[in-house]
Amino acid sequence: MDTKNLVTLITIAETGSFQRAAAQLNYAPSTVTSQIRQLETELSIRLFEKVGRKMELTQTGREVLPLVRTILKNVEQIRDYKENTAEITGTLRLVAPDTIFVYVMQPMLKAIMQKAPQVQLIFNSVPSDEVSRAIVERTADIGIDCDREHFPDEVLHPAGKAFQACLVASPLLAPAARDFLSPHQKKPISMILNEPNANYQKEIADYFERKAIVLNHHMKLQSIEAVKRSVRDNLGIAYVPRFSVEEELDNGSLIRLATELDDRLYASVCVFHKDSWISPQMELAFSMMQVKTDIGCSRDTDTGF
């Protein structure tokens, strides 16, 4: 069985079409079609069927897909195996929410690139509630996320570094509107956020409910940078990880509003599949994040999560 055919199958499933898969793999469309036909003949199963104008995975194809991913992962493990692991190769796929990527992951990625330049890093920024899904579906090796009450059974989630969050506003916000300690208030202010399902967002929502502080409707944006810019322009307030606004608080472009949650610590987690083979590149990432897992203890580094 040619593993190139298996890669083509996975690529079609991920891109959603034969044509896009051909473009991504730099194949002619006829080559992709031929590879799938060869694979169907070898396996004696039908992988795709025509639905309208599209070719979609059959039920059997969807059931086979996780097995194909396992085969390719095992092949990668064999290729990556070296007696001398000083020169680490292979692929490392990471996922995290936008805020964590911008302010936490980038230094770690640079450190990995310096220590293991042969490793191919693939990073995707996804909403917080999609991090575990990426691990379950094996589209990522390691994810960083906020802690949450429930995780899928397939996912291990050792604790990462705890962080503080703070309520921030523009210096243009009227002084009379800055009180978020007194109960029973109705404020014509919007909460601006980009991660509505993060643990710290749920905590501030519960805090407002307990205090009977009523705000305008939420404004949901795509990135932490968009959130900060909107708050600086006095379009609303935001409850964000403190590490993401340190610079703005220092230069006065944002101000911190006092709440009873100012000393609250929020847990973060490192997530990975419980059936994962821990590759050398994954071990390196764990050490960079200073995360303790059941595969061993982390080593001290200058970069950590």
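Helices here are DSSP runs of H or I with at least four residues, and strands are runs of E with at least two, both numbered from the N terminus. The model is predicted.

**Exercise 1. Take stock of the chain.**

Task: Find how many helices and strands the protein chain has, and what share of its residues is buried.

Solution.
- Step 1. Count the elements. The protein chain has ten helices and 15 strands.
- Step 2. Take the extent. The C-alpha trace spans about 75 × 50 × 30 Å along its principal axes.
- Step 3. Apply the burial cut-off, under 20% relative accessible area. Of the 305 residues in the chain, 46% are buried.
- Step 4. Look at contacts with a separation of 6 or more. Residues 24 or more positions apart account for 70% of them.

**Exercise 2. Find the buried face of H2.**

Task: Work out which residues of helix H2 are buried, how they are arranged, and what they pack against.

Solution.
- Step 1. List the buried residues. In H2, residues 18-25, they are Phe 18, Ala 21 and Ala 22.
- Step 2. Look down the axis of H2. The buried residues fall within an arc of 100°, so they line one face of the helix.
- Step 3. Recall the helix repeat. An α-helix has 3.6 residues a turn, so residues three or four places apart point the same way.
- Step 4. Turn to the face directed away from the buried side. Gln 19, Ala 23 and Gln 24 are the exposed residues there.
- Step 5. Identify the partners. The buried residues of H2 pack against helix H1 (3-15), helix H3 (29-43), strand E1 (48-51) and strand E2 (54-57).
- Step 6. Check what follows the helix. Asn 26 comes after H2 and has a positive phi, near 60°.

**Exercise 3. Describe how H1 packs on H2.**

Task: Give the axis distance, crossing angle and handedness for H1 and H2, then list the contact residues.

Solution.
- Step 1. Choose the descriptors. Two packed helices are described by the angle between their axes and the distance between the axes.
- Step 2. Read both. The axes of H1 and H2 come within 8 Å and cross at roughly 120°.
- Step 3. Classify the angle. It makes H1 oblique to H2.
- Step 4. Assign the hand. The H1 and H2 crossing is right-handed.
- Step 5. List the contact. H1 contributes Val 7, Thr 8, Thr 11, Ile 12 and Thr 15, while H2 contributes Phe 18, Arg 20, Ala 21, Gln 24 and Leu 25.
- Step 6. Sort by class. The contact of H1 with H2 has five nonpolar residues, four polar and one charged.

**Exercise 4. Repeat for H1 and H3.**

Task: Describe the crossing of H1 and H3 and the residues that make the contact.

Solution.
- Step 1. Read the geometry. The axes of H1 and H3 come within 9 Å and cross at roughly 110°.
- Step 2. Classify. H1 and H3 are therefore roughly perpendicular to each other.
- Step 3. Assign the hand. The crossing of H1 and H3 is left-handed.
- Step 4. List the contact. From H1 come Lys 4, Asn 5, Leu 6, Thr 8, Leu 9 and Ile 12, and from H3 come Val 32, Gln 35, Ile 36, Gln 38 and Leu 39.
- Step 5. Sort by class. The contact of H1 with H3 holds six nonpolar, four polar and one charged residues.

**Exercise 5. Place two positive-phi residues.**

Task: Locate Ser 44 and His 184, and decide whether each is buried or exposed.

Solution.
- Step 1. Recall the usual sign. Most residues other than glycine have a negative phi.
- Step 2. Take Ser 44. Its phi is positive, near 60°. Ser 44 sits in the loop between H3 and E1.
- Step 3. Judge Ser 44. Its relative accessibility is 64%, so it counts as exposed.
- Step 4. Take His 184. Its phi is also positive, near 60°. His 184 lies in the loop between strand E7 (163-169) and strand E8 (185-186).
- Step 5. Judge His 184. Its relative accessible area is 68%, so it is exposed.

Terms used
Residues are numbered from 1 along each chain as its sequence is written. This is a predicted model: local features need pLDDT of at least 70, side-chain atom pairs count only at pLDDT 80 or more; totals for chains, interfaces and linings use all residues. Side-chain values use heavy atoms; hydrogens and water are left out. Buried means under 20% relative accessible area, exposed over 50%, partly exposed in between (1.4 Å probe, protein chains only). The arc is that of the directions from the helix axis to the C-beta atoms. Contact means heavy atoms within 4.5 Å. Axes are lines fitted to C-alpha atoms, for helices over the stretch in contact, and angles run from 0 to 180 degrees between N-to-C directions. Angles under 35 degrees count as roughly parallel, over 145 as roughly antiparallel, 65 to 115 as roughly perpendicular and the rest as oblique. A crossing is left-handed if the near helix is turned anticlockwise from the far one by less than a right angle, and right-handed if clockwise. Ala, Val, Leu, Ile, Met, Phe, Trp, Tyr, Cys and Pro count as nonpolar, Asp, Glu, Lys and Arg as charged, and the others, Gly among them, as polar.
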